[in-house]
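Student: Could you take me through one loop up close, and then work outwards from there to the packing of the rest? Please explain your cut-offs as you go.

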Amino acid sequence: MLIVVVGTSIAIVRPLVLTSPRDGSLAVDATPPPAAAPPVPPSGDLGGGPLAVDVAGVGQGKKVFAHYFPPYPISFNNQAPASDYYTVNYLAPDGEGGKHRAYGGLLRDRPIARQPLAGDWAQADMRAEVKQAADAGIDGFFVVVLSLSGGNWDRTIEVMEAAQASGRGFVVAPQLDTTASAGQAPVAEVAAKMAQLARMPAAYRLGSGEFVLSAFKAEGRPASWWSSLMGVLQNQYGIKTVFMPVFLDASRMTEYAGISYAMGNWGVRNPGNTLAGPNYAAQAHALGSRWIAPVSVQDERPNQGVYWEAGNLGNLRASWSRAIGDGADFALLTTWNDYSENTSFAPSASHGYAFLDVNAYYLTQFKTGAVPRVVRDAVYVTHRTQPVTAQPTLPHRLMALQHGDRDPARDTVEVQTFFTAPAAVTVTVGSATHTYTAPAGVGVKSFPLQTGNVGASAVRNGRSIGVAASPYPVTTRPDNQDLQYYAVSSRR
């Protein structure tokens, strides 16, 4: 099929030819810029909610899941933000007794901080995360099962309890991780724990009643092992199970097709490789299975010394281009909250709700099969807080561009707009000011990164329709290296 991009919406014509630009931008507004219009403050309540579109809700159309990573809940110890575990131990370069000093701290981002809560604060946090995901149109979590006891297991139970309490039809499927202790445990032990999860009301089941079991790096165990596990669940616990594995190496899918209801892969994190990758959906369909398409924003791993060039939101658009264009049956956001790899969609200190809100447009198109109508004006600005070549003041190992990344490192500010009608946009990057007219629908425009403050405002008929002012200034001398993309929204 041919993926034809109109705005940044995606239409499908056969046969398949990917024609999106290499940076993953599915639209670039080429309208000549108008005379500069001075930004004005937002004029009161924008109204109508935080999203540019009416998002396809839980249970509507194709299912979209998010990979939930138990090691990073909203809070570890219910402390005030200035003294909680994220601030003191994970974000601080000398945190946890200096064990992360070699790479400038374990994390560069965290969940949006909150003040201490009364009562069962851990369950309140889980319910908040389920609500955030459900409000964004996500149907459920694939919660990675790292261990069969301890804190991460407890959070797995809490996630399922929170999903049940939501009353939204939000579901949870266990994703057994073969790189962790849970995925290397004996079949009998794993089966007992999976049976416990299967009995919980929020466990994801097909309409025909089968319990859904997923796996992370499914190829870490042979197909016979997974068959044995499902056999024990059926014969000993009376739980009929279907398998929805996710591979790191999707070329292995043929070995698992016979035991799989649907298959997926973890995917890549840059637009060029995302767009140029194999059509695994077609391969899965030819094997008689369904396909779970990976959808991601970015990837930055300080403790592994590597990052991918995501091209602002280019990789997000490219991911959805493949999911929609290839005819995937499911989509998996990778990840909801893995802050150690900086792949999170969840509301965070660095990008707020912006990634989730932009994602809602493409998610709705995937779920419904129709291009969403923009019903509320929105402006999103993404940028790094330092040039790629910036030298941090703290001595630590620096991250390098992932080998094989098709996209060269870039220093850009990107403005993505969702407009009900054309509007004048003014963009400020340090000392530079840029003006242009953004179209109705979806538009994308990039500008060179400079030191100083970054922001964008939009005006239509002399009235402000949105201001996205970034609170993250750009510097050439940061404390530590941080190559994630920060994001701000005009709607919240």
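Tutor: Let's start in the loop between strand S20 (454-460) and strand S21 (463-469), where you'll find Asn 461. Before going on, bear in mind that this is a predicted model, in which local features need pLDDT of at least 70 and side-chain atom pairs count only at pLDDT 80 or more, while totals for chains, interfaces and linings use all residues. Residues are numbered from 1 along each chain as its sequence is written, and side-chain values use heavy atoms, with hydrogens and water left out. The strand and helix names come from DSSP runs numbered from the N terminus (helices are H or I, at least four residues; strands are E, at least two).

Back to Asn 461: its phi is near 55°, a positive value in a residue other than glycine. With 79% relative accessibility, Asn 461 counts as exposed (that's over 50% relative accessible area; buried is under 20%, and partly exposed is in between, with a 1.4 Å probe and protein chains only). Now look at Asn 312, in the loop between strand S12 (306-307) and helix H10 (314-325). Asn 312 also has a positive phi in a residue other than glycine, near 60°, but Asn 312 is buried, at a relative accessible area of 1%. One more backbone oddity: the peptide bond from Thr 334 to Thr 335 is cis, with omega near 20°. Thr 335 sits in the loop between strand S13 (330-333) and H11.

On to the core (a set of buried Ala, Val, Leu, Ile, Met, Phe, Trp, Tyr and Cys residues joined through side-chain atoms within 4.5 Å). The largest nonpolar core runs to 96 residues, and Met 194, Trp 226, Leu 229, Trp 291 and Trp 320 have the most contacts inside it. Helix H11 (residues 354-368) gives the most to this core, eight residues. Apart from that core lies another, of 22 residues, including Val 427, Val 429, Tyr 472 and Val 488.

Two of those well-connected residues, Met 194 and Leu 229, turn up again where H5 meets H6. Helix H5 (residues 187-198) and helix H6 (residues 223-237) pack at about 55°, axes 9 Å apart (axes are lines fitted to C-alpha atoms, for helices over the stretch in contact, and angles run from 0 to 180 degrees between N-to-C directions). That makes H5 oblique to H6 (under 35 degrees is roughly parallel, over 145 roughly antiparallel, 65 to 115 roughly perpendicular, and the rest oblique). H5 contributes Val 187, Val 190, Ala 191, Ala 192, Met 194 and Ala 195 to the contact, where contact means heavy atoms within 4.5 Å. The residues of this contact divide into eleven nonpolar, one polar and no charged (Ala, Val, Leu, Ile, Met, Phe, Trp, Tyr, Cys and Pro are nonpolar; Asp, Glu, Lys and Arg charged; the others, Gly among them, polar).

For another helix pair, try helix H3 (residues 121-135) and helix H4 (residues 151-166), whose axes come within 8 Å and cross at roughly 60°. H3 and H4 are therefore oblique too. Their contact residues divide into seven nonpolar, two polar and four charged, with Arg 127 in H3 and Arg 155, Glu 158 and Glu 161 in H4 among them. H4 also holds Thr 156, which is buried at 1% relative accessible area.
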